[in-house]
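User: I am new to reading structures. Please take a close look at one part of this one, the start of the chain, and walk me through it step by step.

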Amino acid sequence: MNKNRNFEKQIEETLGSFDKIERAEPQDFFYTRLKARMESELIQQPKLRWLLKPAVVVPLLLIAVSMNVLTIQKIGKSQDPSLSEKDQFIETYNLNTSNDLELY
């Protein structure tokens, strides 16, 4: 019982301390500055706008094209023109053509 009264007393003291707090007053022209900031954020351009600049686009395109060219060259060198399509498929995927299966 004593704990409940002590607990209720602490609650009353805590709630009573809110009565002593003064109301916060905004600075002069707070609403005007807040409204201006909100309007400027609405008008502001997207943050990823720099991705569309030529200084970024051109190097990215060159990298992509060069990677494609290197890949095509590597594929062209790896395929032997004397092999049939079936043999090229087997070679590409490292398939073993032997029928000897070992299950254990």
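Analyst: Start with a term. A helix here is a DSSP run of H or I with at least four residues, and helices are numbered from the N terminus. Keep in mind that this is a predicted model.

Now the setting. The protein chain has four helices and zero strands. From the N terminus on, the order is α-α-α-α. The chain averages a pLDDT of 80, and 82% of the residues score at least 70. Confidence varies among the elements: helix α3 (residues 54-78) has the highest mean pLDDT, 90, and helix α4 (residues 85-92) the lowest, 75. Where pLDDT is low, the predicted coordinates should not be read in detail.

Next, helix α1. This helix covers residues 2-17, and Phe7 is found in it. Check its length. The 16 residues of α1, at 1.5 Å a residue, should span 22 Å. The C-alpha atoms at its ends are 23 Å apart, which agrees.

Is α1 buried or in the open? Buried means under 20% relative accessible area. Zero of the 16 residues of α1 are buried, so this helix lies largely in the open. Compare the chain as a whole: 2% of its 104 residues count as buried. The protein chain exposes about 11200 Å², and carbon and sulfur atoms supply 59% of that area.

Look at the surface here. Phe7 helps make a nonpolar patch of about 520 Å². The other members are Ile11, Leu15, Phe18 and Ile21.

Move on along the chain to Phe29. This residue sits in the loop between α1 and α2 (30-43). Its backbone stands out. Most residues other than glycine have a negative phi. Phe29 is not a glycine, yet its phi is positive, about 60°. What about its surroundings? Exposed means over 50% relative accessible area. Phe29 has 66%, so it counts as exposed.

To sum up, α1 lies largely in the open, and Phe29, in the loop that comes before α2, is exposed too.

Terms used. Residues are numbered from 1 along each chain as its sequence is written. This is a predicted model: local features need pLDDT of at least 70, side-chain atom pairs count only at pLDDT 80 or more; totals for chains, interfaces and linings use all residues. Side-chain values use heavy atoms; hydrogens and water are left out. pLDDT is the predictor's confidence in each residue, from 0 to 100. Helices (H or I, at least four residues) and strands (E, at least two) are DSSP runs, numbered from the N terminus. Buried means under 20% relative accessible area, exposed over 50%, partly exposed in between (1.4 Å probe, protein chains only). Accessible areas come from the Shrake-Rupley method with a 1.4 Å probe; for residues, only the protein chains shown count as cover. Patches are made of residues with over 30% relative accessible area and no salt bridge: like charges are joined within 9 Å, nonpolar side chains (Val, Leu, Ile, Met, Phe, Trp, Tyr) within 5 Å. A salt bridge is a side-chain nitrogen of Lys or Arg within 4 Å of a carboxyl oxygen of Asp or Glu. The expected span of a helix is 1.5 Å times one less than its number of residues.
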